[in-house]
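User: Please take a close look at where the parts of this structure meet, and then follow the contacts into the elements behind them. I am in my first year, so please go slowly and connect each step to the next.

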Protein chains: 2
Amino acid sequence: MSLARDLTAALPVRLLRLLRDEGPLSRAELCDRLEIARTRMLAELDRLTTAELLVEAGPAESRGGRRSTLVELNPGLRFAGVDLGATSMDVEVVDSRMETVAAFSEFADIRTGPKSILHRVNELLNKAKVEGAYERLDAIGIGVPGPVSFRDGVPVSPPIMPGWDRFPVRELLSREHGCPAVVDNDVNIMAIGERHGGVAHSVDDFLFVKIGTGVGCGIHLAGQVYRGSDGCAGDIGHIQVESRGPVCSCGNIGCLEAMFSGAVLEALAIEAAKAGRSAVLEERYAANGTLSARDVSIAAAEGDLASIQLIREGGRRLGGVLASLVSFANPSMIVIGGGLAQLGHILLAEIRSVVYRRSLPLATGNLPIVLSELGPRAGVAGAAVLASEIAFEQAL
Amino acid sequence: MSLARDLTAALPVRLLRLLRDEGPLSRAELCDRLEIARTRMLAELDRLTTAELLVEAGPAESRGGRRSTLVELNPGLRFAGVDLGATSMDVEVVDSRMETVAAFSEFADIRTGPKSILHRVNELLNKAKVEGAYERLDAIGIGVPGPVSFRDGVPVSPPIMPGWDRFPVRELLSREHGCPAVVDNDVNIMAIGERHGGVAHSVDDFLFVKIGTGVGCGIHLAGQVYRGSDGCAGDIGHIQVESRGPVCSCGNIGCLEAMFSGAVLEALAIEAAKAGRSAVLEERYAANGTLSARDVSIAAAEGDLASIQLIREGGRRLGGVLASLVSFANPSMIVIGGGLAQLGHILLAEIRSVVYRRSLPLATGNLPIVLSELGPRAGVAGAAVLASEIAFEQAL
């Protein structure tokens, strides 16, 4: 690849992103949009075509003069996104426009360790290949439910991932599939997904709050994921919300995650059912032997007071933490995602009420607090977007 | 000024900063340090010399070959820094190396409004001029104790600054002195000061926590001040720390600032003196008719238990908020400044104890929590640095 050293590193990445997000564009449009002189653009297009990242896509519609040629990303490009949860595995292969060409979603216990989990990831990716989803992958992005050294491509002391500490996840995936790979925290990839194709589209400063088995926060500042000095920024699940609260899995007292999370909500719902405080929950518990966030959500929609109260109490706890973070970070949007986002508007109303009451009016004047648009797909979609970014950067 | 359009905007700014912070450098050193080819550097130096920002400073020491010429910032450059507090005004004029050439510090009640306060600022600056500190100013930086629209150069709904809302501070100063001006929040300029010439030197991600009459936080991320989407990021004084606490000036209950700040500490100290819980405080109160943070600090140093307890209780409150912010932002340093920083190591020990106990080990492993090095000068020094940055940017 002939690399013209005097180009700023950012141009080809910006060009490739534009084609990924908007589809075929004419050379003239590319020059306009990126504010680049024609000569320089043609050289860049040549270079990226030689690198098989771009192809010509026929003539553009006439703008009066000579017809400009349309350019698009090579439709053969394939990126894989992997989203590992505490008990789930989502794997997708997407094309150059981030459209899904293969998708798998199954139960997986992260505690079985990196070898068996990544072995299964590879099996699913190979299955997609056999089924014709791709010939070769151009990059893989993977999110894991714990702190990550983004630079080194390894998990770092992840509390709920025994055996994963410093395991070479990036290296293993990269070697297995012969392409670049990138490892990030699950909440960061959800934020990336939501910014690329969801409700935070084109928002530069926002928080993506995930409430699932645990609680975490993806931070987007100035259009970039902010990871902090050790890569663990956004670990809001262990912020103390009650000095005399229950003991958390981390050993501290009254963490947010110990007061409101998928696991806690299930336990409280079962408690309410057993204590006879909710006929609806009691009935569902008797039928299934357990209760989930979904049961609470359905019961609340039916007007079950105990369920509504559980959701509001959780929303109040989370809202208190978010009010503090709004005062500190002054974001322009908060997105609520993860499994408990299905608690919907009762949860949202409570969070909003606390944040709008507690934070500085200047910071909440234009602050939407909304539910994730991509839902359970946010993570895997974001992982695929992150994969494409790495492919673009490494193609320089 | 002949502006070569193909230069990236950042080079001249980086060049001017380097000379400001390191003093005279040879052309060869400049090329090495900024990784710029000699031809381009010479063109840039010519341009900045014509703009009277640079001068030649004689021959460099020989490096074996032909002697290189030393270049330095024009020693006639003058920047003004102004730090307005709730009850204080600091004005300094500095030279091209940020050395103080004139300094004034006096009582000023911010509530007397912008016209009288800025009139006094102008009087002090004119006094410095008459005394020979400068012939003309190249830029003015000013910090105010409230939220600011950095883009518009005006305070926005500042709670403790009646009459200042949207007052054209930048425009007035700029017109009066015929130079660029820049307006920022007081905590942001303190953070800038501490990063330029204090304990946070060369640290890219840190929090500067000011505890004075009120409480606020300057946020430095990736080497830049982070101001948030409405310019009010860092407003941590109104984070709730006690749901059944006292009413704050903002109307909410149990804000950090209502539990620990200069005003609160004074009130609690007087209460302790009156209740006979501290002989030392009682004596000082009888002598002066009031008590300040300084009295509490001196009493604590003499071993007064009531004073030590007041400091520790405040440190515990602040520490709890900082522990949450460490979990969220994962900074690489926390600097404690403002008037109450004089409470010193008793305060620091308590803050550290809470943060190290409450936050994720990964985030606190390499996290120094330290006292401001510049002390009361942090704000005015930072305002002068900010002024120089604006002068450099506008000189393009």
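Analyst: **From a domain contact to the sheets and helices**

In this predicted model, domain 1 of chain A touches domain 2 of chain A through six residues on each side. The domain assignment places domain 1 at 10–73 of chain A, domain 2 at 79–194 + 378–394, and domain 3 at 201–372, and taken over C-alpha atoms the centres of domain 1 and domain 2 of chain A are 30 Å apart. On the domain 1 side of this contact, the element that gives the most is helix α1 (residues 10–22) of chain A, with four residues. By character, the domain 1 side that touches domain 2 of chain A is made of three nonpolar residues, one polar and two charged.

Chain A also meets chain B, where 32 residues of chain B are in contact with 32 residues of chain A. Three elements of chain B give two or more residues to its side of this contact, namely β12 (215–221), α11 (305–329) and α13 (361–364), and it is α11(B) that gives the most, with six residues. The chain B side that touches chain A divides into 16 nonpolar residues, twelve polar and four charged.

Since α11(B) has come up, it helps to follow this helix further. Two packed helices are described by the angle between their axes and by the distance between those axes. For α11(B) and helix α12 (residues 344–358) of chain B, the axes come within 7 Å and cross at roughly 35°, and the crossing of α11(B) past α12(B) is right-handed. Among the residues that make this contact are B:I308, B:I311, B:L318 and B:V326 from α11(B), together with B:I346, B:L347, B:V354 and B:R358 from α12(B). The residues of the contact between α11(B) and α12(B) divide into eleven nonpolar, five polar and four charged.

The other element to follow from the chain contact is β12 of chain B, which belongs to an open sheet of five strands, ordered β13-β12-β11-β14-β15 (chain B), with mixed pairing. At the edges stand β13 (224–225) and β15 (369–371) of chain B, and because each has a single partner strand, one side of each is left without a neighbour in the sheet. How are strand β14 and β15(B) paired, parallel or antiparallel? Strand β14 (residues 333–337) of chain B pairs with β15(B) in the parallel sense, over three bridges, and one residue pair to look for is B:I336 with its bridge partner B:L371 in β15(B).

Chain B holds another open sheet, whose five strands follow the order β6-β5-β4-β7-β10 (chain B), again with mixed pairing. Its edge strands are β6 and β10 (181–185) of chain B, each of which pairs on one side only, and from one strand to the next the twist averages 10°. Within this sheet, strand β4 (residues 79–84) and strand β7 (residues 139–144) of chain B run parallel and are joined by five bridges, with B:A80 standing opposite B:I140 in β7(B). Helix α5 (residues 169–177) of chain B lies across β7 and β10 of chain B and runs at about 150° to β10(B), whereas helix α6 (residues 186–197) of chain B lies across β4, β7 and β10 and runs at about 105° to β10(B).

After the edge strand β6 comes a loop worth pausing at, for B:G113 lies between β6 (100–107) and α4 (114–130) of chain B. Leaving aside residues up to four places away in sequence, B:G113 touches B:P162 and B:G163, and although B:P162 is 49 residues apart from B:G113 along the chain, their C-alpha atoms are separated by 6.5 Å. B:G113 counts as partly exposed, because 15 other C-beta atoms lie within 10 Å.

Two loop residues of chain A complete the picture. Most residues other than glycine have a negative phi. A:E35, however, has a positive phi of about 55° and sits in the loop between α2 (27–34) and α3 (38–50) of chain A. A:N330 also has a positive phi, near 45°, and its place is in the loop between α11 (305–329) and β14 (333–337) of chain A. Their surroundings can be read from the neighbour counts: A:E35 is exposed, because it has 6 other C-beta atoms within 10 Å, while A:N330 is buried, because it has 26 other C-beta atoms within 10 Å.

How values were computed:
Residues numbered from 1 in each chain as written. Chains lettered and ligands numbered in written order. Predicted model: local features only at pLDDT ≥ 70, side-chain atom pairs only at ≥ 80, totals over all residues. Contact = placed C-beta atoms within 7 Å. Nonpolar A, V, L, I, M, F, W, Y, C, P; charged D, E, K, R; others polar. Domains from an automatic or database assignment. Buried ≥ 20, exposed ≤ 12 C-beta atoms within 10 Å, placed from the backbone. Pairing = 2+ DSSP bridges. Axes fitted to C-alpha atoms, helices over the stretch in contact; angles between N-to-C directions. Left-handed = near helix turned anticlockwise from the far one by under 90°.
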